[in-house]
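Welcome, and please have your viewer ready. We will go from one selection to the next, with a short note at each stop.

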Amino acid sequence: MVVPGQNHRDPWFADFFKACLEDTKWLFQTEKGTPFLFPATGTAGWEASLCNTLSPGDKVVTFRYGQFSHLWVDMMQRLGLDVHVEEERWGDGADEAKLEAILRADVGKEIKAVCVVQNETTTGVTSDIAAVRRAMDAAGHPALLMVDGVSGIGALPFKFDDWGVDLAVTGSQKALSLPTGLACVAASPKALKAMESAKLNRVFLDFGDMIKTNASGSVPYTPALGLLHGFRESVRLLRSEGIENVWARHHRLGTGARLAVKAWGLKLLCENERWASDALTVIETPAGVDSGLVIKNAFAKYNLSLGLGLSQVQGKVFRIGHLGNMDEIMLLSALAGTEMALLDAGVKITPGSGVGAALAHFQKTKGIYPTREF
Ligand code: PLP
């Protein structure tokens, strides 16, 4: 990523940028979708999806089950959309049966979009996007399906075309293990059709300006060149591992983390196993123990950065991230640090119990690196 200043109006850029767009399509697993790369964060990806396809007053349906789904709702409301919010317990995911009932009741087909956060980073919950699509199809509803995949895409299974997703978003700082600053978006042909009548204002995030310039490998404004170089390399690494292997690695890591929590005798915030996230694990501290103290101990004594409990679950949970450039040994060291930090905070766990449970799982399920057979 550290390259001398380059001019993106020089001839080399077109082929380079077209390759970035192809990488974006691969990341989302789409042939039909149109990719966009904005020099911005995931939040801009949310806004681009909404403002390019909807008009003020349009009805949208969404679920609130964590801080990020909450912030997306807030954005929808501030953009002037008519938002139907299904409130779920923080720790649950998108309830497909409820969604189907809402869509069936909308006989006039006034709902224009269903918006779902795939992986809720505050709670460690992964909603089932394929099942959301099935619910929409069962109701015979034509709404657009918008998915926040910020902390999922590139780590968890995501199939834009197969699941009939219309708009999906991710950011460079999660599964791609890059610095913050790229918002990656994909839009289906149906979403681009909706753009023709969408009246919400957009300027910087206008898909139209991107489409006009991207076709020839150009951009409407200065691209984040360093990040684009990093993006190409990050996707190269994921491609060489193979997307199914990337998903399997995250599943192995997630399962190991959950086995560790069980061995400690602690509870996951996500109670329903089908929604357990393979990208991060969110753990409740026992009553009377401030999770902030575990996080402080981990950071101050063991140089380990655990995630805070945000908003509703502040002080009650802490988070272990295991997405991106992460392997079994890295996670084991995080689990070991967590054990020490828990013990320091007065939580009665058996030292080594979580690490032991996770390593037994990793040893049983880990294959040999393809180039290192003996
Ligand atoms: N959605 C989810 C699920 C997230 O985890 C985040 C950030 O952590 C966002 C959206 C917002 O992305 P950004 O902070 O890149 O704007």
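## From the ligand outward

Start by selecting Q173 and the ligand: a polar side-chain atom of Q173 lies 2.7 Å from an oxygen atom of the ligand. Keep in mind as you look that this is a predicted model.

Now add K174, where a side-chain N or O atom is 2.7 Å from an oxygen atom of the ligand. Then pick T121, which places a polar side-chain atom 2.5 Å from a ligand oxygen. With these contacts on screen, try a surface on the ligand: taken alone it exposes 390 Å², and the protein buries 87% of that.

Next, widen the selection to the residues around the ligand: T41, G42, T43, W46, F68, N119, T121, D148, V150, S151, Q173 and K174. Colour this shell by class and you should find three nonpolar, seven polar and two charged residues. Which helix gives the largest share of the shell? Highlight helix 2 (residues 42-51), which supplies three residues.

Leave the ligand now and turn to the nonpolar interior. In soluble globular proteins, nonpolar side chains tend to be buried together. Here, the largest nonpolar core has 84 residues, so select F38, F207 and F231, the members that touch the most others. Show helix 1 (residues 12-28) as well, since the largest share of this core, eight residues, comes from there.

For the last stop, colour by domain. The core draws at least three residues from domain 1 (12-241) and at least three from domain 2 (243-368).

Notes
Residues are numbered from 1 along each chain as its sequence is written. This is a predicted model: local features need pLDDT of at least 70, side-chain atom pairs count only at pLDDT 80 or more; totals for chains, interfaces and linings use all residues. Side-chain values use heavy atoms; hydrogens and water are left out. A residue is near a molecule or strand if one of its heavy atoms lies within 4 Å of it. A polar contact is a pair of N or O atoms within 3.5 Å; within protein, one must be able to donate a hydrogen and the other to accept it, and residues adjacent in sequence count only if both atoms are side-chain atoms. Accessible areas come from the Shrake-Rupley method with a 1.4 Å probe; for residues, only the protein chains shown count as cover. Helices (H or I, at least four residues) and strands (E, at least two) are DSSP runs, numbered from the N terminus. Ala, Val, Leu, Ile, Met, Phe, Trp, Tyr, Cys and Pro count as nonpolar, Asp, Glu, Lys and Arg as charged, and the others, Gly among them, as polar. A nonpolar core is a set of buried Ala, Val, Leu, Ile, Met, Phe, Trp, Tyr and Cys residues joined through side-chain atoms within 4.5 Å. Buried means under 20% relative accessible area, exposed over 50%, partly exposed in between (1.4 Å probe, protein chains only). Domain bounds come from an automatic or database domain assignment.
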